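Hi,

Here is the structure I promised to pass on, with notes on what turned up in it. Have a look at the model first, and then read on.

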Amino acid sequence: MESGFGSDFGSGGGGGGKLDPGLIMEQVKVQIAVANAQELLQRMTDKCFRKCIGKPGGALDNSEQVRMGGRTGPPWPLSSGLPLRLCVPQKCIAMCMDRYMDSWNTVSRAYNSRLQRERANM
């Protein structure tokens with residue numbers, strides 16, 4: 001009975017169980033890229049949640065409420081069906097995530113550029 005492992009790493013489907021190192025390398029690269037993306041998303045979510053949701057709970061404190069024309073409250077009708085706790089800081093979280101991704105992209109480009117320069121100087 002075949003375990004299925006060989007079919008993932010085999011060379012083109014039933015070539016006598018030979019492993020294709022190129023295919024294995026590509027699959028490992030994909031797995032690493034997925035793990036890195038998951039870590040990036042988790043860090044971004046954690047940091048932005050801590051920044052935008054000061055006191056997690058069932059009610060908003062004064063710092064998380066929106067001031068509109070002299071009254072304090074959500075910037076939408078309460079009948080909208082949107083959860084009060086999640087919608088008020090939604091703009092903060094979206095802006096935080098945008099900034100985080102912009103910063104990460106800037107650092108990533110600079111890092112990759114430096115790696116290329118150093119490889120060229122070897």
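A word on burial before anything else: a residue is called buried when its relative accessible area is under 20%, exposed when over 50%, and partly exposed in between. Glutamate 26, at 45% relative accessibility, is therefore partly exposed. Please keep in mind throughout that this is a predicted model.

**Overall layout**

The protein has 4 helices and 2 strands. Following the sequence, these elements come in the order α-α-β-β-α-α. Of the 122 residues in the protein, 15% are buried. The unreviewed UniProt entry places a feature, "domain: Tim10-like", at residues 27-66 and 90-112. The second of those segments, residues 90-112, is 100% helix and 0% strand, and its end C-alpha atoms are 32 Å apart.

**The disulfides**

How many disulfides does the structure hold? There are 2, and I will take them in turn.

One disulfide links cysteine 48 and cysteine 96, with an S to S distance of 2.1 Å. Cysteine 48 sits in helix H2 and cysteine 96 in helix H4, so this pair ties together parts that are 48 residues apart in sequence. The torsion about its S-S bond is about -85°, so the disulfide is left-handed. As for accessibility, cysteine 48 is buried at 0% relative accessible area, and cysteine 96 also counts as buried, at 13%.

The other disulfide is formed by cysteine 52 and cysteine 92, whose sulfur atoms lie 2.0 Å apart. Here again the partners come from helix H2 (cysteine 52) and helix H4 (cysteine 92), so the pair ties together parts that are 40 residues apart in sequence. This link is left-handed as well, with -80° about the S-S bond. Is each partner buried or partly exposed? Cysteine 52 is buried, with a relative accessible area of 7%, whereas cysteine 92 counts as partly exposed at 27%.

If you number the bonded cysteines in sequence order, the pairing reads 1-4, 2-3. In residue terms, cysteine 48 goes with cysteine 96, and cysteine 52 goes with cysteine 92.

**The salt bridges**

Side chains of opposite charge can pair when their charged atoms come close. The structure holds 3 salt bridges.

- Glutamate 26 and lysine 29 meet through their side chains at 3.9 Å, N to O. They are 3 residues apart in helix H2, which means that about one helical turn separates them. Lysine 29 is partly exposed at 46% relative accessibility, and glutamate 26 is partly exposed at 45%.
- Glutamate 39 and arginine 43 form a salt bridge at 2.7 Å, N to O. These two are 4 residues apart in helix H2, so about one helical turn lies between them. Glutamate 39 is partly exposed at 39% relative accessible area, and arginine 43 is partly exposed at 47%.
- Arginine 114 and glutamate 118 pair at 2.9 Å, N to O. Both belong to helix H4, 4 residues apart, or about one turn of the helix. Glutamate 118 counts as partly exposed, at 41% relative accessibility.

**The largest pocket**

Which residues line the largest pocket? They are Asn36, Ala37, Glu39, Leu40, Arg43, Tyr100 and Trp104. The elements giving two or more residues to this lining are helix H2 (21-52) and helix H4 (90-120). H2 gives the most, with 5 residues. By type, the lining divides into 4 nonpolar, 1 polar and 2 charged residues. The space in the pocket comes to about 170 Å³.

Two names here link back to the section above: Glu39 and Arg43 are among the lining residues, and their side chains meet in the 2.7 Å salt bridge.

**Where to look**

For a quick tour, you could start with helices H2 and H4 and the disulfide of cysteine 48 and cysteine 96 between them. From there, go on to the link of cysteine 52 and cysteine 92, which joins H2 and H4 too. You could then finish at the largest pocket, where H2 and H4 each give two or more residues to the lining.

Happy viewing, and best wishes

Terms used: Residues numbered from 1 in each chain as written. Predicted model: local features only at pLDDT ≥ 70, side-chain atom pairs only at ≥ 80, totals over all residues. Heavy atoms only, no water. UniProt positions renumbered as here; feature names shortened; annotations may be inferred. 1 Å grid on protein atoms, 1.4 Å probe; cavity = no way out; pocket = protein on both sides within 12 Å on 5 of 7 lines; lining within 4 Å. Points joined across faces, edges and corners; volume = space filled by probe spheres on them. Nonpolar A, V, L, I, M, F, W, Y, C, P; charged D, E, K, R; others polar. Disulfide = S-S within 2.5 Å. Buried < 20%, exposed > 50% of the residue type's maximum accessible area, 1.4 Å probe, protein only. Salt bridge = Lys/Arg side-chain N within 4 Å of Asp/Glu carboxyl O.
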